[in-house]
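The following exercises are to be worked with the sequence and the model at hand. Each task is followed by a solution in steps.

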Amino acid sequence: MRILVIQQKRIGDVLTSTIICNNLKKQFPLYTIDYMCYTNSLDVLIGNPNIDNVIPLSHKVRKNYFSLFKFIFEIRAKKYDVIIDVYNKLETNLITMFAGSHFKIAYHKWYTKLFYTHNLKRFENTDTPKYGFAIDNRLLLLEPLNLDQNAIDPYPKLFVSSEENEETILLFEKHKINRSKKTIMISLLGSEKNKTYPLEYMVKVVEYVANHKDVTILFNYFENQIEDAKSIYNSCSQETQEKIHFELFGKDLRSFISIMNQCDLIIGNDGGAINMAKALNKPAFTIFSPFVEKKIWATFEDGIKNISVHLKDFKPELFTNINHDEIKKNHTSLYQQLSPELFKDKIDFFINNN
């Protein structure tokens, strides 16, 4: 049997959907499991033994109809028995339609019966998530294949090589990181402005973390975000700055993953960094944007190892009679209502218990 799993979009989405591959390979070790994603997310798949072949779909191919149909017929030539389309948008509808597979699995939409043999309805907001809907809905796509539910492993995983670990340990030594202290990664900035906790509030969060005696602080940011990162650093007290190793940061995905693997826990904005930390089995404290649905991405919440905060937790009345588009449009003013004083005690509890 040959199975193709398709998940386009962002790093967190691609990483989370690897649980489909992991569970397929666990129960069907002789099957060939291939994974299709955009090129910007390939690094989170490196070293995963449950994926036989990674099939990148580049922006250049997607935006050219001739190239896209050439790509589609290359997929058809591989003769997949099963396609699991997690993304379920026009380009993947077309890929699935022409692939010639007997089993074609996706989420239900009003038109999807045209493309798929199995259309599964996602869990609704009125339901109670088991692991978080981002996990629950992906595991749902495995149901038509009759896997042993008692053997399901819901946890995404990242794989770090011994060479990567050794290089990062040397990097920590170079930057004089005291490993006897708790090393805390701060996810300073979201993937977009509307997913980024206000910078003046993030300064307070960093100060709260630094108030703990034996901690070392690292910042997660990309080189194109360095001005915002510097702004936060420069606004911190001198005592806090002395605990921050500003120059030590991941310049690409693999270096961030390796650095995060040597840290003890992560605190900060919802996004790829949090998802990667969880996939490395690190405790995570997540601050959600007002327009992000917490039930979806607050995965594996247990009140100790994984904790998250959302404005709705503290001021639910602000979300009465307002739709998603309005929340997104007013995210700035809503974010201002999520002052760090509201959850300082939660941060202290999280650090003390992990």
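Two strands count as paired if DSSP finds at least two bridges between them. The model used throughout is a predicted one.

**Exercise 1. Determine how strand β1 is joined to strand β4, and place both in their sheet.**

Step 1. Four bridges join β1 (residues 2-6) to β4 (residues 82-85). Because the pairing criterion asks for at least two bridges, the two strands qualify as a pair; they run parallel.

Step 2. Within this pair of strands, Leu 4 has Ile 83 of β4 as its bridge partner.

Step 3. The open sheet consists of six strands in the order β3-β2-β1-β4-β5-β6, with parallel pairing. Its edges are β3 (53-57) and β6 (118-120), each of which pairs on one side only. From one strand to the next, the twist averages 15°.

Step 4. Helix α5 (residues 90-99) lies across β1, β2 (32-38), β3, β4 and β5 (103-107), and runs at about 170° to β4.

**Exercise 2. Establish whether helix α6 is enclosed or open, and name the elements against which its buried residues pack.**

Step 1. The buried residues of α6 include Phe 133, Asp 136, Arg 138 and Leu 140.

Step 2. Eight of the eight residues of α6 are buried, so the helix is largely enclosed by the rest of the structure.

Step 3. The buried residues of α6 pack against α1 (11-16), α2 (18-27), β5, β6 and α13.

**Exercise 3. Classify the ring pairs Tyr 155 with Phe 300 and Tyr 197 with Phe 343.**

Step 1. A pair of aromatic rings is described by the distance of the centres and the angle of the planes. The whole structure contains 19 aromatic pairs.

Step 2. For Tyr 155 and Phe 300, the ring centres are 4.4 Å apart and the planes stand at 25°, so the pair is stacked. Tyr 155 belongs to the loop between α6 (133-140) and α7 (162-174), while Phe 300 belongs to the loop between α13 (294-297) and β11 (306-309); they are 145 residues apart. Tyr 155 is partly exposed at 43% relative accessibility, whereas Phe 300 is buried at 13%.

Step 3. The pair of Tyr 197 and Phe 343 is tilted, with 6.0 Å centre to centre and 50° between the planes. This pair also links distant parts of the chain, its residues being 146 residues apart. Tyr 197 is buried at 0% relative accessibility, and Phe 343 is likewise buried at 0%.

Step 4. Tyr 197 and Phe 343 belong to a cluster of ring pairs that also contains Tyr 201, Phe 285, Tyr 335 and Phe 350.

**Exercise 4. Describe the contacts made by the side chain of Lys 344, then examine the salt bridge of Asp 52.**

Step 1. The charged end of Lys 344 sits over the ring of Tyr 208, 5.3 Å from the ring centre.

Step 2. Lys 344 also forms a salt bridge with Asp 348, the closest N and O atoms being 2.9 Å apart. Because they are four residues apart in helix α17, about one helical turn separates Lys 344 and Asp 348.

Step 3. Lys 344 is partly exposed at 27% relative accessibility, whereas Asp 348 is buried at 16%.

Step 4. Twelve salt bridges are present in the structure. In one of them, Asp 52 and Lys 25 have their closest N and O atoms 2.8 Å apart. Asp 52 lies in the loop between β2 and β3, and Lys 25 in helix α2, 27 residues apart. Asp 52 is partly exposed at 38%, but Lys 25 is buried at 11% relative accessibility.

Key: Residues are numbered from 1 along each chain as its sequence is written. This is a predicted model: local features need pLDDT of at least 70, side-chain atom pairs count only at pLDDT 80 or more; totals for chains, interfaces and linings use all residues. Side-chain values use heavy atoms; hydrogens and water are left out. Rings of Phe, Tyr and Trp (its six-membered ring) pair if their centres lie within 6.5 Å; planes under 30 degrees apart count as stacked, over 60 as edge-to-face and the rest as tilted. Buried means under 20% relative accessible area, exposed over 50%, partly exposed in between (1.4 Å probe, protein chains only). A charge sits over a ring if NZ of Lys or CZ of Arg is within 6 Å of the ring centre and within 35 degrees of the ring normal. Axes are lines fitted to C-alpha atoms, for helices over the stretch in contact, and angles run from 0 to 180 degrees between N-to-C directions. Contact means heavy atoms within 4.5 Å. A salt bridge is a side-chain nitrogen of Lys or Arg within 4 Å of a carboxyl oxygen of Asp or Glu.
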